[in-house]
Amino acid sequence: MTNAVRQSFTPTPEEVADFHQLGYMGPFKVYDEDEMRRLWRRERLRLMDRSDAVYDDGDAQSGNTNIGNYDRHLDSTFLADHICRPEIVDRVAAVLGPDVLCWRSEFFPKYPGDEGTDWHQADTFAFASGRPQILWPESEKDFGGTITVWTAFTEASEDTGCLQFIPGTQRTMHYDESKGMHYQPDKINQQAKDGVSRGFYGYDYRQLQKDPDWRPPEERAVSMVMRPGEAVMFWSTMMHASKPHSAPDKEMRLGFAGRYVPTSVRVYPDTEEVDEYGGRVSLSEYGAVLVSGTDTYTHNRKVTQTTKGHAFPKR
């Protein structure tokens, strides 16, 4: 028998109210900086072994993206524990309710000289694939989108490509994700918008604008400068972007994003593969992860352990 007390990272009601007003919370600490640097030195080598990854590399790579690196939490013990960290899940559950799925994770590397990511909002995530990847039930659809928790595995500064947010923009979509975009990998790192090197992984996100003449209110933008081990949580429907990596003498900026929804949301409805950013992966081995509470619904495939047999720790 243990007398250990479970530590809680649940935000205060005032902090949750601020999240709903601004669209984001943080940055907050998930790891000490030295611990994060040590863990990443170790894990970046382990992740090179893709023998247990759920997606094949074959058709997944195109341009500067590899969607085969989605969902490495399904084979990596470190990333499996990361998406379930109480510092993250307690905050997410305070907004979404007790029953929460992690439905995707992604790496966001930015090397010296890489362009910034253009301003965008994501509701159903159909913008690149052409098919909704998450669908909220009509009875609960106050707005939609997902909560993303973006953790800095390396330094995210003004000159290495930190995130930028426009607070309070999460409740009005300025983009129509059903319009579709034209994939042009030759445009990667070749475009400047309003004087800033920015693109969207081979797409021009402006093609989705409901009003072609509308411009994001960049004068309200705030920068999310983070040390290694810090994270920020935000609605995917809030206007967000990132700066270019303009520091040739500094290391790659690496963010790792976990994406969360309530169990009532349908994940990859009627979809057997993901086809976007010029790559394609099969969902035959995919499963969402219950990180908190219970799932009384039956509409999502789930997994309870990684492909290596490590059980996901649930709050």
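**Exercise 1. Find how much surface the protein chain exposes, and what share carbon and sulfur atoms supply.**

Solution. The protein chain exposes about 14,100 Å², an area from the Shrake-Rupley method with a 1.4 Å probe. Carbon and sulfur atoms supply 47% of that surface.

Before going on, a word on the ground rules: this is a predicted model, where local features need pLDDT of at least 70 and side-chain atom pairs count only at pLDDT 80 or more, while totals for chains, interfaces and linings use all residues. Residues are numbered from 1 along each chain as its sequence is written, and side-chain values use heavy atoms, with hydrogens and water left out.

**Exercise 2. Work out whether the radius of gyration of the protein chain agrees with a compact globule.**

Solution. Start with the rule: 2.2 Å times the number of residues to the power 0.38, with the radius taken over C-alpha atoms. For 315 residues this gives a value near 20 Å, and the chain has 19 Å, so the two agree. Next, look at the spans: the C-alpha trace covers about 60 × 50 × 45 Å along its principal axes. Finally, buried residues (under 20% relative accessible area, 1.4 Å probe, protein chains only) make up 56% of the 315.

**Exercise 3. Identify the residues that touch the most other members of the largest nonpolar core.**

Solution. A nonpolar core is a set of buried Ala, Val, Leu, Ile, Met, Phe, Trp, Tyr and Cys residues joined through side-chain atoms within 4.5 Å. The largest one has 89 residues, and Phe-127, Trp-150 and Tyr-260 touch the most other members. Now take Phe-127: leaving aside neighbours within four places in sequence, its contacts include Met-181, Phe-200 and Tyr-277, where contact means heavy atoms within 4.5 Å.

**Exercise 4. Describe the hairpin of β16 and β17.**

Solution. Strands are DSSP runs of E, at least two residues, numbered from the N terminus, and two of them pair if DSSP finds at least two bridges between them. Here β16 (residues 273–276) and β17 pair in the antiparallel sense over four bridges; one of the partnerships joins Val-274 to Val-281. Two residues lie between the strands, and Tyr-277 in the turn has a positive phi of about 55°. Then follow β17 (residues 279–282): Gly-279 and Val-281 point to one face and are buried, whereas Arg-280 and Ser-282 point to the other and are not.

**Exercise 5. Give the strand order of the open sheet that contains β8.**

Solution. The order is β11-β8-β13, with antiparallel pairing. The edge strands, each pairing on one side only, are β11 (222–224) and β13 (240–242). Between β8 (residues 163–165) and β11 there are three bridges, and Phe-165 has Val-222 as its bridge partner in β11.

How values were computed: Buried means under 20% relative accessible area, exposed over 50%, partly exposed in between (1.4 Å probe, protein chains only).
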